Amino acid sequence: MTVEELANLCRTSPNTVHWWIAQGTAPLSQKIGRRRLFPVEEVERWLAAQPSDSGVRA
């Protein structure tokens, strides 16, 4: 999954995903060439671990 795909999934901007990466709070990823890729399994694990403000998942 690319930065853009993760941003779309989380309904945020790619800049926010880059900020998460810089802060160390993004899902585990790997840089291949000039692209950063997130394994789908890691994204799913990361999403499941995120606190929910409303108790409802979209």
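These legends describe close-up views of a predicted model.

**View 1. Helix H3 has a buried side and an exposed side.**
Helix H3 spans residues 40-49. Its buried residues are Glu42, Val43 and Trp46. These residues sit on the same side of H3, because they cover an arc of only 100 degrees around the axis. In general, an α-helix has 3.6 residues a turn, so residues three or four places apart point the same way. The other side of H3 carries the exposed residues Glu41, Glu44, Arg45 and Ala48. The buried residues of H3 pack against two helices, H1 (3-10) and H2 (14-23).

**View 2. Helices H1 and H2 cross at roughly 105 degrees.**
The axes of H1 and H2 come within 8 Å. The crossing angle of roughly 105 degrees makes H1 roughly perpendicular to H2. From H1, the contact uses Val3, Glu4, Leu6, Ala7 and Cys10. From H2, Pro14, Val17, His18, Trp20 and Ile21 take part. By class, eight residues of this contact are nonpolar, one is polar and one is charged.

**View 3. The largest nonpolar core has nine residues.**
Its members are Val3, Leu6, Ala7, Val17, Trp20, Ala26, Phe38, Val43 and Trp46. H1, H2 and H3 each supply at least two of them. H1 gives the largest share, with three residues.

**View 4. Val43 belongs to both the core and the buried side of H3.**
Which residues does Val43 contact, leaving aside its neighbours within four places in sequence? They are Met1, Leu6, Leu9, Pro27 and Phe38. Of these contacts, Leu6 and Phe38 are also listed in the largest nonpolar core.

**View 5. Thr2 lies in the segment before H1.**
Is Thr2 buried or exposed? Thr2 counts as buried, because its relative accessibility is 11%, and the cut-off for buried is under 20%. Leaving aside its neighbours within four places in sequence, Thr2 is in contact with Arg35, Arg36, Leu37 and Phe38. Phe38 is also in contact with Val43.

**View 6. Glu5 is placed in helix H1.**
Glu5 has 44% relative accessibility, so Glu5 counts as partly exposed. Along the chain, Glu5 and Leu37 are 32 residues apart. Their C-alpha atoms are separated by 9.6 Å. Leu37 is also one of the residues in contact with Thr2.

Methods
Residues numbered from 1 in each chain as written. Predicted model: local features only at pLDDT ≥ 70, side-chain atom pairs only at ≥ 80, totals over all residues. Heavy atoms only, no water. Buried < 20%, exposed > 50% of the residue type's maximum accessible area, 1.4 Å probe, protein only. Helix = DSSP H or I, 4+ residues; strand = E, 2+ residues; numbered from the N terminus. Arc of directions from axis to C-beta. Contact = heavy atoms within 4.5 Å. Axes fitted to C-alpha atoms, helices over the stretch in contact; angles between N-to-C directions. Parallel < 35°, antiparallel > 145°, perpendicular 65-115°, else oblique. Nonpolar A, V, L, I, M, F, W, Y, C, P; charged D, E, K, R; others polar. Core = buried A, V, L, I, M, F, W, Y, C linked by side-chain atoms within 4.5 Å.
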